[in-house]
Amino acid sequence: TSFKSVREIMTMGGIRDMSEESLLDLRSMILTVLGLPEDYPEDKEVPVGTSNSGGEWADFAALCEGFIYYFDIAPKDSKPEVKFYLTTRKYGADDLTIAQNLVTWMKAHGRGTYTDH
């Protein structure tokens, strides 16, 4: 769950082209949504958050371990399309804080058109 691992998987070890700007945008979004500082080290694992409900499901850790990726392996493409899903259940704060952090990031990156509705 480090950004170094996200970078490696999103580029498939360098065989998929992904601009540095896109990778930095993704890193910025992850850090903002999870409430981590901008200077958070790329090779440091994302800390596990705490449950606000006072308890956890019996299989909580197993269900939420690591980040989630989707690989679209189409027969017509030579390289899979990779999508990243940010796991907030284990690594983020409460739902309201996550939503507020995401809106903050969207506004800061010119994507806040619908954030006030």
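Is Phe84 buried or exposed in this predicted model, and what is its relative accessible area? Phe84 is buried, and its relative accessible area comes to 14%, which falls under the 20% that sets the limit for a buried residue. The legends below begin with the whole chain and then turn to close-up views.

**Figure 1. Overview of the predicted chain, with its five helices and two strands.** Read from the N terminus, the order of the elements is α-α-α-β-β-α-α. The chain has 117 residues, and 31% of them count as buried. Its accessible surface amounts to about 7900 Å², and carbon and sulfur atoms contribute 53% of that area. When the contacts with a separation of 6 or more are considered, 58% of them are between residues 24 or more positions apart.

**Figure 2. Close-up of the ring cluster formed by Phe67, Tyr69 and Phe84.** Two aromatic pairs are found in the model. In the pair made by Phe67 and Phe84, the ring centres are 5.2 Å apart and the planes stand at 75°, so the arrangement is classed as edge-to-face, the limit for that class being over 60 degrees. This pair links distant parts of the chain, since Phe67 sits in the loop between α3 (60-64) and β1 (68-72) while Phe84 belongs to strand β2 (residues 81-85), with their positions 17 residues apart in the numbering. Phe67 also counts as buried, because its relative accessibility is 12%. Ring pairs join Tyr69 to these two residues in one cluster.

**Figure 3. Close-up of Phe84 in strand β2 and the residues around its side of the chain.** Apart from neighbours within four places in sequence, Phe84 is in contact with Val6, Met10, Leu26, Ile30, Phe67, Ile68 and Tyr69. Its C-alpha atom is 6.5 Å from that of Tyr70, a residue 14 positions away in sequence. The relative accessible area of 14% makes Phe84 a buried residue.

**Figure 4. Close-up of Ile68 in strand β1.** With a relative accessibility of 44%, Ile68 counts as partly exposed, because this value lies between the 20% limit for buried and the 50% limit for exposed residues. Once neighbours within four places in sequence are set aside, the contacts of Ile68 are with Lys83, Phe84, Tyr85 and Thr87. Ile68 and Val6 are 62 residues apart along the chain, and the distance between their C-alpha atoms is 9.7 Å.

**Figure 5. Close-up of the largest cavity, with a volume of about 50 Å³.** The model has one cavity of 30 Å³ or more. The residues that line the largest cavity are Ser2, Phe3, Arg27, Ile30, Leu31, Tyr40, Pro41, Lys44 and Val46. Helix α2 (residues 20-34) provides the largest share of this lining, with three residues. In terms of character, the lining consists of six nonpolar residues, one polar residue and two charged residues. Ile30, one of the lining residues, is also among the contacts of Phe84, and thus appears in the views of both Figure 3 and Figure 5.

**Figure 6. Close-up of Met12 and Asp17, with both residues in the loop between α1 (3-10) and α2.** Most residues other than glycine have a negative phi. Met12, although it is not a glycine, has a positive phi of about 50°. The relative accessible area of Met12 is 26%, so this residue is partly exposed. Asp17, by contrast, counts as exposed, with a relative accessibility of 74%. The C-alpha atom of Asp17 is separated by 9.9 Å from that of Lys79, although the two residues are 62 positions apart along the chain.

**Figure 7. Close-up of Gly35 in the loop between α2 and α3.** Gly35 counts as exposed at 53% relative accessibility, because the limit for this class is over 50%. The C-alpha atoms of Gly35 and Tyr91 are 9.6 Å apart in space, with 56 residues separating the two positions in sequence.

Methods: Residues numbered from 1 in each chain as written. Predicted model: local features only at pLDDT ≥ 70, side-chain atom pairs only at ≥ 80, totals over all residues. Heavy atoms only, no water. Helix = DSSP H or I, 4+ residues; strand = E, 2+ residues; numbered from the N terminus. Buried < 20%, exposed > 50% of the residue type's maximum accessible area, 1.4 Å probe, protein only. Contact = heavy atoms within 4.5 Å. Areas by Shrake-Rupley, 256 points an atom, 1.4 Å probe, with all protein chains shown as cover. 1 Å grid on protein atoms, 1.4 Å probe; cavity = no way out; pocket = protein on both sides within 12 Å on 5 of 7 lines; lining within 4 Å. Points joined across faces, edges and corners; volume = space filled by probe spheres on them. Nonpolar A, V, L, I, M, F, W, Y, C, P; charged D, E, K, R; others polar. Phe/Tyr/Trp six-rings, centres within 6.5 Å; stacked < 30°, edge-to-face > 60°.
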